[in-house]
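Hi,

Here is the structure I said I would pass on. Have a look at it first, and my notes follow underneath.

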Amino acid sequence: MASVNRHYLELQGSYLFSETARRVAACRAARPERRIVSLGIGDVTRPLVPVVIAALHRAVEEMGQETTFRGYGPEQGYAFLREAIVRQDYQARGLDIAPDEVFISDGAKSDLGNFQELFAPESVVAVMDPVYPVYVDSNVMAGRAGQFRDGRWQRILYLPCTRDNAFLPDRPATRPDMVYLCSPNNPTGAALPRDVLRQWVDYARREGCVILFDSAYEAFVTEPELPRSIYELEGAREVAVEFRSFSKTAGFTGLRCAYTVLPRDVTLADGRGGRVALRDLWLRRQSSRYNGCPYIVQRAAEAVYSPQGRIETAADVAACQANARRIAQGLRRLGLGVFGGVNAPYLWVQTPQGLSSWEFFDLLLDRAGLVCTPGAGFGLSGEGYVRFTAFGKPADTEEALRRLALIL
Ligand SMILES: *Cc1c(COP(=O)(O)O)cnc(C)c1O
């Protein structure tokens with residue numbers, strides 16, 4: 001009898017989003033006349049910008065002509081896109097990244113989930129808490145997490161991000177092999193300042209760990225002194241892998257395109273006294289298990305880097321940032337403790353009167369028909385907070401604030 005990978009059975013149910021959906025459905029059934037306003041979604045709502053749509057149409061036409069049709073593309077992604085990325089996201093900022101260190105994919109979630117395969121099974125993982133669930137779950141599937149007890153995996157090192165440390169992770173007491181850092185952070189909205197990130201890069205070099213740096217929200221950074229890429233820190237080329245995505249920066253959540261940067265200098269011990277470059281292992285992995293992001297989608301991503309693409313996508317990001325400011329201002333006026341929202345599309349809001357995340361979620365849902373995301377669902381340190389997103393429509397933001405003012 002074939003047996004299952006038992007680690008899949010150890011996974012905790014995706015409690016957060018199924019439970020919020022269940023409660024929203026129950027509320028809707030009880031009061032069908034009331035429109036529910038959601039500031040809970042972690043998805044973009046604005047359509048793709050015109051220059052991206054035009055690039056898609058052109059690429060679709062090419063695919064229908066014998067002379068311009070494309071079949072399998074390069075596993076690492078087309079050079080036109082890798083070169084545009086390197087030129088504009090790295091070299092233009094003085095960062096030394098080469099096109100053959102960039103890997104195009106169908107999403108940062110897949111890359112972040114798959115990447116742990118390159119590490120030894122016994123490797124120790126550190127994650128920020130609260131955190132985007134993908135890092136933990138992919139390591140649970142790989143059998144790296146140990147037992148689940150009292151809300152935590154015993155072999156995972158949690159880096160609490162709380163009000164006391166300004167939601168910035170401190171180094172753990174024991175040494176991890178892999179450290180997932182997400183900045184700007186989902187869900188707290190906190191971005192790592194340069195000195196904090198420098199401490200992490202120095203620590204990784206000293207201790208021999210690899211930093212898996214998720215900067216999916218890089219485009220939302222507004223404070224000019226904050227690093228937008230980990231490679232702005234000296235020595236990061238030796239210890240850091242950077243994951244980025246067009247999902248939030250250009251509205252590609254449904255189109256699917258992302259990239260991972262793997263400098264040749266990031267190496268792992270080969271167990272025989274030598275070192276092996278992660279970049280070469282990832283190329284081998286992708287060539288074996290992946291056939292690339294669609295040509296038309298890569299042309300669409302390339303259009304984001306055109307002068308007009310820059311303008312159009314920046315306008316969408318700015319609209320989201322303005323929405324975030326509006327929500328933050330409105331919530332503060334109501335006396336709530338609000339964090340984030342300045343360098344990220346997320347606001348991390350303290351529940352009033354010591355309510356738990358779920359109690360405050362229920363209160364907002366029942367009394368205001370308003371949906372947020374309970375912070376406890378992102379990890380134990382998220383208890384006592386809820387997350388609001390700024391991806392929604394400005395009209396919904398205003399409606400949400402109006403309703404909140406009536407109940408708080
Ligand atoms: C949305 C998001 C991503 C992007 O995932 P895609 O698969 O590229 O859509 C990555 N990391 C975090 C923390 C996110 O919230």
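Before the strands, one term: two strands count as paired if DSSP finds at least two bridges between them. Also keep in mind that this is a predicted model.

I started with strand β8, residues 210-214. Which strands does β8 pair with? On one hand there is β7 (residues 178-182), which runs parallel to β8 and is joined to it by five bridges. If you want a spot to click on, L181 has F213 in β8 as its bridge partner. β8 also pairs with β9 (residues 240-245), again in the parallel sense, over four bridges. There, I211 stands opposite A240 of β9.

Helix α7 (residues 194-207) belongs in this picture too: β7, α7 and β8 form a right-handed β-α-β unit.

Is β8 covered or open? Mostly covered, with five of its five residues buried. In a regular strand, side chains alternate between the two faces of the sheet. In β8, V210, L212 and D214 are buried on one side, and I211 and F213 are buried on the other.

Now the wider view. The domain assignment gives domain 1 (14-43 + 308-407) and domain 2 (53-305). Their centres, taken over C-alpha atoms, are 27 Å apart. Where they meet, 26 residues of domain 1 are in contact with 34 residues of domain 2, and about 2400 Å² is buried between them, with carbon and sulfur atoms giving 58% of that. On the domain 1 side, R310, N343 and F378 lose the most area to domain 2, together 26% of what that side buries.

R310 is worth a second look: it forms a salt bridge with D89, with the closest N and O atoms 3.5 Å apart. The count between the two domains is one salt bridge.

Cheers

Technical notes. Residues are numbered from 1 along each chain as its sequence is written. This is a predicted model: local features need pLDDT of at least 70, side-chain atom pairs count only at pLDDT 80 or more; totals for chains, interfaces and linings use all residues. Side-chain values use heavy atoms; hydrogens and water are left out. Buried means under 20% relative accessible area, exposed over 50%, partly exposed in between (1.4 Å probe, protein chains only). Helices (H or I, at least four residues) and strands (E, at least two) are DSSP runs, numbered from the N terminus. A crossover is right-handed if, with the strands pointing away from the viewer, the path from the first strand over the helix to the second runs clockwise. Domain bounds come from an automatic or database domain assignment. Contact means heavy atoms within 4.5 Å. Buried area is the accessible area (1.4 Å probe) that two parts lose on being put together, summed over both. A salt bridge is a side-chain nitrogen of Lys or Arg within 4 Å of a carboxyl oxygen of Asp or Glu.
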